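Grab a pencil and have a go at these exercises before you peek at the solutions. Keep the structure open beside you while you work.

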Amino acid sequence: MASTSAHSEGAELGRFLRARRTQTSPEHVGLTVGVGIRRTPGLRREELATLAGISIDYYVRLERGKETRPSPSVLDSLARALHMDDQEHQHLRELAARAARYAPGPPPAPSRTVRPHLRLLLDSLRPNPAYVISRSMDMLAWNPGGLALYAGLEDWPAKHRNLARYLFLHPVAHELFPDWDRQITGCVARLRAVAGTAPDAPDLTNLVGELLLKSPDFARLWERYEVTGRKPAQKIFHHPRVGTVTLTSQSMHLEGTPGQRIGVYTAEPGTPDHDAMTLLDMTASVAAPSQQLPYTSP
């Protein structure tokens, strides 16, 4: 079992390196490309190995998942050669550390329980839309505006409410976000980063498997293996209930939880955006009086 697990983790490390290599142009790293057709997208293996100062045979073993214990200096050299940013570099280190640990089996899905004081916190944030999501973007708890902001999400059963699933599979999502392409790119990058360090976890594999089957857009972005997802400070919503509204978003990790995060949207008091946000909270409360207190999905 340990050998099989190690090979799986090494394969994930190799997939990440291959994705970054094929998406890095020779010109970007200062190489001069000669005349003729290049059959390899991005860098060739031997080019990357030379830039990183390692043997081509060793790099091939890394990319094929057969080498699972690269030294920190090798990882740093590869990151520099591929011009990785800090987040990508850290992800590379985490993949290598996991490959070296020989995990005995897939970890269980984390608990979906949201602590009572967090539900009270959501209610205290009204009229600001707020919610708690899992590491795989399942919506676990929310206040009225937090659910209503994602128009149409309330029509899905509680256990089905997931922000990644919403972005790719709900027909309203395209209309809600004018920058839908940017939203889905950041979404996949975040899932890739999490799945890279827990590739066998059922909460992630089930979601990714579903989206790969149902969404060509998700499959295309997943193949790119980007892990740098920078969220815009502000998001524009074309909301069917309150019109166009621009809100500032903030996401924070919740200490002492299994990867849960709280998401909050705000607007400057006295502005039309704040008025629209307040209206959304009020109408959502009237539409779902049984959810005056934040609801926690079972």
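**Exercise 1: the cavity**

Find out which helix gives the most residues to the lining of the largest cavity.

*Solution.* Helix 10 does, with three residues. Let's see how that fits in, keeping in mind that this is a predicted model.

Step 1: a search of the whole structure turns up one cavity of 30 Å³ or more. The largest cavity has a volume of about 40 Å³.

Step 2: list the lining, which is made of Thr185, Val188, Ala189, Leu221, Arg224 and Glu226. Two elements give two or more residues to it, helix 10 and helix 12 (216-224).

Step 3: sort the lining residues by class, and you get three nonpolar, one polar and two charged.

**Exercise 2: the pocket**

Work out which elements give two or more residues to the lining of the second largest pocket, and how its residues divide by class.

*Solution.* Step 1: start with the pocket itself, the second largest, with a volume of about 190 Å³. Its lining has 13 residues, and Glu12, Arg192, Ala195, Pro199 and Trp222 are the ones nearest the centre.

Step 2: now look for the elements giving two or more residues, and you'll find helix 1 (2-22), helix 10 (180-197) and helix 11 (202-214). Helix 11 gives the most here, with five residues.

Step 3: by class, the lining splits into six nonpolar, three polar and four charged residues.

**Exercise 3: the hairpin**

Do strand 1 and strand 2 run parallel or antiparallel, and how many bridges join them?

*Solution.* Step 1: locate strand 1 at residues 130-133 and strand 2 at residues 139-142. Three bridges join the two strands, and they run antiparallel.

Step 2: pick out a pair facing each other; Val132 stands opposite Ala141 in strand 2.

Step 3: check the link, and you'll see that the two strands form a hairpin with five residues between them. In the turn, look for Met137, which has a positive phi of about 75°.

**Exercise 4: two helices crossing**

Describe how helix 2 crosses helix 4, and say which residues meet there.

*Solution.* Step 1: find helix 2 at residues 45-52 and helix 4 at residues 72-81. Their axes come within 8 Å and cross at roughly 115°.

Step 2: give the handedness, and the crossing of helix 2 and helix 4 turns out right-handed.

Step 3: name the contacts, where Leu48, Leu51 and Ala52 in helix 2 meet Ser77, Leu78 and Ala81 in helix 4. Sorted by class, that contact has five nonpolar residues, one polar and no charged ones.

Methods
Residues numbered from 1 in each chain as written. Predicted model: local features only at pLDDT ≥ 70, side-chain atom pairs only at ≥ 80, totals over all residues. Heavy atoms only, no water. 1 Å grid on protein atoms, 1.4 Å probe; cavity = no way out; pocket = protein on both sides within 12 Å on 5 of 7 lines; lining within 4 Å. Points joined across faces, edges and corners; volume = space filled by probe spheres on them. Helix = DSSP H or I, 4+ residues; strand = E, 2+ residues; numbered from the N terminus. Nonpolar A, V, L, I, M, F, W, Y, C, P; charged D, E, K, R; others polar. Pairing = 2+ DSSP bridges. Axes fitted to C-alpha atoms, helices over the stretch in contact; angles between N-to-C directions. Left-handed = near helix turned anticlockwise from the far one by under 90°. Contact = heavy atoms within 4.5 Å.
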